[in-house]
Amino acid sequence: MKNAPGGAGRIVASGGGEWWNKRELAMPDAQSTLRSREIVAVVWDFDKTLIPGYMQAPLFEHYGVDGGRFWAEVNRLPEVYARRGVHVSKDTAYLNHLLSYVRNGPMRGLNNRRLRQLGGQLRLFPGLPAVFGELRALARSRPEFVRHEISLEHYIISTGLAEMIRGSGVAAAVDGIFACEFVENPLPPHFGRQDEMALEGEDWEIAQIGVMVDNTIKTRFIFEINKGSNKNPAIDVNAVVRPEDRRVPIKNMIYVADGPSDVPVFSVVRRNGGKAYAVYDPASPAEFAQNDGLLQVGRIHAYGPADYRPESSTAQWLKMHVLAICERIVKEREESVAARITHPPRHLHPPPAAAPGPKQDELFKAKG
């Protein structure tokens, strides 16, 4: 965190751009909020949501590794370690087993640069990445949306590998990526005593887990986006932030993912007023049935094919609900302004005198 030159109190969040100025960071009174503009967020899973299958496929192919055997080993690891009296999660086991493949030879030389290069080989579902821009444009498509400073952001939250996502064809279209990360060439003990650090080397390999994301940790990143801690490091994700001060209200979010593993995020988003949408590979009847099951038990609002071309039902559903969120924001903001504006004083005039009614004797004459 630092003050921007000439910014008179403007705050610059490292790595996240600037989005709150001095007026917005000032302590709010009872009728003001830290949030001065409205953001809609579409949050995406990655594997089987934006790409067919799993992102590790080109990684295995590059190193000649049997992917089926790798995942079979990963599935066995929790049981094997449990017999040793050690508990490990499946998600941690998969990352550590990948590091074992690097350390023991089958993936010798794997580093973050190579992961990013391999991410460029990932095939996207139809309509991507164009739909990202189409949804952004929709949030600015009406004068009232522009007047109320509504904008749309895209985020990816994945249990996959962040560097591969950064190398993929959707990376340039999103505002943030939350996924598993590796550390290359870990620092040795007492590294603080050294005057110089080794420069980045071509022969470095991934050696430690930097970030581990599982299906429950995904919900943490929903709240990072919600509170704005992903944009402003001064805001801790566990800090108490008033609902009206949160950068992206969850009711302004749409979460798009492929199935049961995303139930924790679906639940958080639905419970807080957002929309939950599941996708399936059109070539997989099993995935279709799986998503229908999620709808029947109330985990999602709707589901459709992982096809994002303009004519697809999925693209139309997303656009319809982005528009609905923007319209609701405009309505809420205008009602809020109307409620806080008092009518100006005006001159008061005495009421006009009532016209005299007919006298009693005139009434009798009229009847006669």
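Two strands count as paired if DSSP finds at least two bridges between them. Keep that in mind for strand S3 in this predicted model, since that's where we start.

**Strand S3 and its neighbours**

Four bridges join S3 to strand S7 (residues 253–257), and these two strands run parallel. One contact to look for there is Val42, whose bridge partner in S7 is Ile254. S3 also pairs with strand S4 (residues 150–161), again in the parallel sense, over seven bridges. Here you can pick out Ala41, with Glu153 as its bridge partner in S4.

S3 itself spans residues 38–44 and is mostly covered, with seven of its seven residues buried. Which side chains point which way? Glu38, Val40, Val42 and Trp44 point one way from S3, while Ile39, Ala41 and Val43 point the other way. Residues on both of those sides are buried.

**Salt bridges**

Now for the charged side chains. Side chains of opposite charge can pair when their charged atoms come close. In this model the count comes to 21 salt bridges. Three of them are set out here:

| Lys or Arg | Asp or Glu | Closest N and O atoms |
|---|---|---|
| Lys319 | Glu134 | 3.2 Å |
| Arg147 | Glu334 | 3.2 Å |
| Arg242 | Asp245 | 2.8 Å |

Take the salt bridge between Lys319 and Glu134. Lys319 sits in helix H12 (residues 313–340) and Glu134 in helix H6 (residues 130–138), so the pair ties together parts that are 185 residues apart in sequence. Glu134 is partly exposed, at 27% relative accessible area.

Helix H12 turns up again in the salt bridge of Arg147 with Glu334. Arg147 lies in helix H7 (residues 143–147) and Glu334 in H12, so this pair ties together parts that are 187 residues apart in sequence. Arg147 counts as exposed at 53% relative accessibility, because the cut-off for exposed is over 50%. Its partner Glu334 counts as partly exposed at 37%.

What about Asp245, which forms a salt bridge with Arg242: buried or exposed? Asp245 counts as buried, since its relative accessibility is 5% and the buried class is anything under 20%. Arg242, on the other side of that salt bridge, is partly exposed, with a relative accessible area of 30%.

Salt bridges that share partners also join Arg116, Glu163, Arg166 and Glu181 into one network.

Note on methods. Residues are numbered from 1 along each chain as its sequence is written. This is a predicted model: local features need pLDDT of at least 70, side-chain atom pairs count only at pLDDT 80 or more; totals for chains, interfaces and linings use all residues. Side-chain values use heavy atoms; hydrogens and water are left out. Buried means under 20% relative accessible area, exposed over 50%, partly exposed in between (1.4 Å probe, protein chains only). A salt bridge is a side-chain nitrogen of Lys or Arg within 4 Å of a carboxyl oxygen of Asp or Glu.
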